[in-house]
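Me: I am new to this structure and would like a close look at a single part: the place where the ligand sits. Could you walk me through what surrounds the ligand, and then show me some of the elements elsewhere in the chain?

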Amino acid sequence: MTAYSVVIKMTPSGLLYLVEAVNYLGVDWRFYLMVTNKWFRGIYAVILVLIAFATVLWFPKSRVEASPPGVLPAEAQLDSQVNELLARMTTEEKIGQLTQLAASDATPEMIRKGEVGSILSDADPADIARLQHIAVSESRLHIPILFGFDVIHGYRTIFPIPLAMAGSFDPKMEEQEAAIAAAEASAGGQRWTFAPMVDIARDPRWGRITEGAGEDQFLGAAMAAAQVRGFQGGNLADPHRLLACAKHYAAYGAAEGGRDYNTADMSVQLLRNVYLPPFHAAVEAGAESVMTAFNDLNGVPGVEDRFLLQQVLRKEWDFKGFVVSDYDAVNELISHGVAGSQKQAVQEALSAGTDMDMHDGLYLKELPALLAEGRISMAQLNEAVRRVLRVKFELGLFDHPCTAADASSAKAHWLTPAYREAARAAEERSAVLLRNSGNVLPLSETLRTVAVIGPLADSRTEPLSHWHGDGNPQDTVTILDGLRRQLPNARILVEKGVAVEGDTEAEAKAGIARAVAAARQAQVAILTLGETAEMSGEGGSRSSLNLPGHQKQLLKAVVKTGKPVVLLLMNGHPLTISWAAEHVPAILELWEGGTEVGNAAANLLFGKVDPGGKLPVSVPRIASQIPVYYDHLNTGRPGTMKTRFSSRYLDLPVGPLYRFGYGLSYTTFRFSSLALSAPAMGRNGSIEVSATITNTGHRAGDEVAQLYIRQRVATLSQPVRELKGFERITLQPGQSRVVRFTLKASQLGFWNNSSVFRIEPGTFDLWVGDSSAGGLHTTFLLK
Ligand code: NOJ
């Protein structure tokens, strides 16, 4: 136990004052850490403990009434803590609390002066501890720094990308993932994650589609809330949890043309019905921070969007946390053309409601003059500081300023067997079986010769994705590792074939020839194709969603051998694989599957587990078909009409290659007995929906029952279908289960363009099925 933790344990009611007292007495407790002799350390610890007792008695409880570890302070207590601290702060110290810098920019001197409220992207636990020690022991008011990191799908144990996880249709598992990520990240010194990313993405060219839950707002809201629960654990004061941050507020995923950072322009009804619900769900689940979007929405960049920040977030949703800008986004108001100077940018951002400035340091630079000139009032500044301090108190940071000690102690909490197991299960449940013609899968364990082909088969880096926390590629179990473990006695022929991209024609030709030769010798060829991690994520938009480089040529050549071929896709964007969808017998979408991808893939390929994931996004036939999403409006001339004058392309079938919610299993299911508890419901009522699902095959398997509705006539045109419920179940061969959903009238309403939420009477279609197409159908009435 370090002196640090002794101190914290002995003085739950006032580390702040203890540190002050220690400093008054000229005893610098950090000195303890430098003492190596165990007797001196013991004596020193006793002195510290005595000081701790003295401090608790000496300072009246009313000054800082902190909570016992892990207990959330009550509202009134929080307010008085915040106000009391605020009253003691200088203007510079207040501005400091609104400043988030990179560790490399936050000098010890700045920290001592109270100029740094938060630090981002520092992955070194010892460095975090060092900087935090400076803040709590050497700054005048000892206010701890809030350390933030992009913990998007794991910290050290990397889980599948969020897009993949959404395809599990399993919010509980998503919650567990976030809790594990929080445990690992907090052991490394982080207390804040810039996640969940809850942007709806209807354009798969957008690189950041990988970070979110896909195209659907209902699934997106469920996954957003699950992540918030997992990160925060219902109690921010728990030092093993992280503050969640719903981002990027809002409509970042609607970037025109799928090009990152691009403009979004949309109606109020679209914004409120599709893009905002996951944010609302995250706030309702307790997310105490929100990050603004880089892009402009209807001409207004995220950091200065008063409608979003003040009207919707604060007034309508009663959000009590704080808002942080995205990276340099305050400064970018100048490029957006809505501020003529950095000073004006700061004025706009702070007065709109962006409390904390990420990275560009402009609040620090410009706020003093803005205050002096009266362009920002002290009341505005105080309000923003209050919000930040409030969360710091809620996090218990004053009691537990540092959860990191050093790298070696942090390591004990990383990549535990249980975490690896969870990551493996997550990938198994997220993978989507797209095709399995002739039941090529599952493969037999008696295989003697297998060709493993493709540039990603032995990659440790790419499965971790663009955002990979502090994950280490050395920890990745590759596809090849997984297959070797599964088939210890088989002959495994490994050929890269081609690179993901960048091969010359000659290199590709030679590589493909070697791959074909390997396939010819094998009983089955397993091809691992897709994208590199850097082909998606931030700044990772693509105009084509084809397999990059010469990979399609490789695939065609191997298929031509006539050997059974299994295509494993590893990618961040959905890929346009129309040729493969017709010619490759088995296709398994693994996405970027994380640290345990190889073990999960092997279990799936050999039928140890059944693939039960579904697509969280529509997969287009070709990129020029985009946008293609399932919950579109019908139009006056639906594309399904058999006439030239309908809403379709002349040269392409209507609809995507693979629809939202689609995914196969090794077994088969039958849906039957759709029933409603009543044929109609009132404006405040609800209906129970039930359907029976039977496993009609010979293996155990998973199915996701999906409930969709459509209002036939309303004052605004309504989507052809909208997801309103889902449940993933496991059934043994021959087993049946009844799934039940409660459909509330409030779920049937929609926002109109005057920002009015309307629940309109009328007839609704209702489907329960295994994807966004087909399914059992009935109707009901909303009175
Ligand atoms: C920019 C990204 O847009 C945002 O998502 C991320 O959290 C920050 N950088 C910090 O890394």
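Reply: In this predicted model, the ligand is surrounded by 13 residues, and the closest of them are Asp 150, Arg 208, Lys 247, His 248 and Asp 326. Sorted by character, the shell around the ligand holds seven nonpolar residues, one polar residue and five charged ones.

Three of the closest residues reach oxygen atoms of the ligand with polar side-chain atoms. For Arg 208, such an atom lies 2.6 Å from a ligand oxygen. For Lys 247, the distance from a polar side-chain atom to an oxygen atom of the ligand is 2.8 Å. His 248 also places a polar side-chain atom 2.6 Å from an oxygen atom of the ligand. Taken alone, the ligand would expose 300 Å², and the protein buries 95% of that.

Now to a helix. Helix α10 covers residues 171–187, which makes 17 residues. At 1.5 Å a residue it should span 24 Å, and its end C-alpha atoms are indeed 24 Å apart, so the expected span and the model agree. Of these 17 residues, 13 are buried, so α10 is largely enclosed by the rest of the structure. Just after the helix comes Gly 189, which takes a positive phi of about 105°.

Next, have a look at strand β1, residues 99–102. Thr 99 and Leu 101 point one way from the strand, Gln 100 and Ala 102 point the other way, and all are buried. β1 has parallel partners: two bridges join it to strand β10, residues 357–358, and three bridges pair it with strand β2, residues 118–120. You can follow single pairs here: Thr 99 stands opposite Asp 357 in β10, while Leu 101 stands opposite Ile 119 in β2.

Further along the chain, strand β19 takes up residues 686–695. Eight of its 10 residues are buried, so this strand is largely enclosed by the rest of the structure. Strand β17, residues 669–676, runs antiparallel to β19, with six bridges joining them. Strand β22, residues 736–744, is also antiparallel to β19, and nine bridges join these two. Thr 692 of β19 is a handy residue to find on screen: it is the bridge partner of Ser 672, and its own bridge partner in β22 is Val 738.

Note on methods
Residues numbered from 1 in each chain as written. Predicted model: local features only at pLDDT ≥ 70, side-chain atom pairs only at ≥ 80, totals over all residues. Heavy atoms only, no water. Helix = DSSP H or I, 4+ residues; strand = E, 2+ residues; numbered from the N terminus. Expected span 1.5 Å × (residues − 1). Buried < 20%, exposed > 50% of the residue type's maximum accessible area, 1.4 Å probe, protein only. Near = heavy atom within 4 Å. Polar contact = N/O pair within 3.5 Å; in protein donor to acceptor, adjacent residues only side chain to side chain. Areas by Shrake-Rupley, 256 points an atom, 1.4 Å probe, with all protein chains shown as cover. Nonpolar A, V, L, I, M, F, W, Y, C, P; charged D, E, K, R; others polar. Pairing = 2+ DSSP bridges.
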